[in-house]
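Please look at the sequence and the 3D structure below before reading on. The report after them is meant to be read with the structure in view.

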Amino acid sequence: MALSPRVPELGALELLLAVARLGSVGRAAAELGVSQPTASARIKGMERQIGVPLLDRSPRGSRPTEAGRLVVEWARHVVEAAQSLDAGIDALRERRDARLVVVASLTVAEYLMPGWLLALHESSPGTAVTLRTANSADVAGHVLAGEADLGFVEGPSTPAGLAGAVVAADRLVVVVAPDHPWARRRARLTGEELAATPLVLREPGSGTREVLEMALAPFGGAARPRLELASSTALKAAAMTGAGPVCLSELAVVEELATRRLVAVQLAEELDLRRPLRAVWPAGQRPGGPARELLTLTRRTAGPPRSHRSGGVHRKVSKS
């Protein structure tokens, strides 16, 4: 039920209570941080709104009329209820600001999120963080469903229904076991060759798979995968055991390339496997609390991708 237009606003009721307690419009105005003319005008406006005089004014001050005493008593209950509501809202905000649910693609969760969360812990040690992992398509679904405060995805574009910001640059590399023929080839691998080769790939819906398929579309599309695996660890193990060439993030193979357990295949200039990594949230909303703080920390590490045509891999280290 809508309130009657005769019900004064909360600020006017607070002013009336202050006048009744202090015995002066001027003192009440000073306590509430408004000018005396403004306070007097607000009291008179409230009297017109209610339809009865509320204060007896004299050189010695102001005191409630008989009707004013009734309104003061009713106003006290209203203001106390509003103060209780305000305290409850503060408690809810404090509880919200003490927790953060993040859902991230596997690459981001495994290779970037630990450093970001460590920096968040150092700046806000009281924040409890829950980190969930999923492929990029499922990350988008969780964020849209309100199941996470912030998501992180891989891929060429922001998923529908979400807003986003690029927080890091990544690229895919093709790696093989040291005894694979591609490990010794001198010529760069062409788009047609890569498209025609059954690869060991991530599952459909992953950002890695999406970027590779887009890059190979001009060459007839990717061949049917030799294997589909759901993690970078499984992909690396498959490559090292000779299952076939693997395409995955350069972030995932730094150690394996350095120790020659895997070899990066040099790619032709026509193959562009760069990709942005994005933080995402529901469109029309702005991240708040610890989600905003984490977003700020991650965006400090964003930078343009560098060329990797020689097959070299560089791991970006963020200084938090």
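What follows is a report on helix packing, one pocket and aromatic pairing.

## About the model

This is a predicted model, in which local features need pLDDT of at least 70 and side-chain atom pairs count only at pLDDT 80 or more, while totals for chains, interfaces and linings use all residues. Residues are numbered from 1 along each chain as its sequence is written, and side-chain values use heavy atoms, with hydrogens and water left out.

## Helices packing on helix 3

Helices (H or I, at least four residues) and strands (E, at least two) are DSSP runs, numbered from the N terminus. The axes of helix 1 (residues 10-22) and helix 3 (residues 36-50) come within 10 Å and cross at roughly 110 degrees; axes are lines fitted to C-alpha atoms, for helices over the stretch in contact, and angles run from 0 to 180 degrees between N-to-C directions. That crossing makes helix 1 roughly perpendicular to helix 3, a term that covers angles of 65 to 115 degrees. In this contact (heavy atoms within 4.5 Å), G11, A12, L13, L15 and L16 of helix 1 meet A39, R42, I43 and M46 of helix 3. These residues divide into seven nonpolar, one polar and one charged, where Ala, Val, Leu, Ile, Met, Phe, Trp, Tyr, Cys and Pro count as nonpolar, Asp, Glu, Lys and Arg as charged, and the others, Gly among them, as polar.

Helix 2 (residues 25-32) also packs with helix 3, at an angle of about 110 degrees and with the axes 8 Å apart, which makes helix 2 roughly perpendicular to helix 3. Here V25, G26 and A29 in helix 2 meet Q36, A39 and S40 in helix 3, and the residues of this contact divide into three nonpolar, three polar and no charged.

## An aromatic pair

Rings of Phe, Tyr and Trp (its six-membered ring) pair if their centres lie within 6.5 Å, and planes under 30 degrees apart count as stacked, over 60 as edge-to-face and the rest as tilted. By this rule the count comes to one aromatic pair. W116 and F152 form this tilted pair, with 5.5 Å from centre to centre and 35 degrees between the planes. Because W116 lies in helix 6 (residues 113-123) and F152 in strand 5 (residues 150-154), the pair ties together parts that are 36 residues apart in sequence.

Note on methods:
Parallel < 35°, antiparallel > 145°, perpendicular 65-115°, else oblique.
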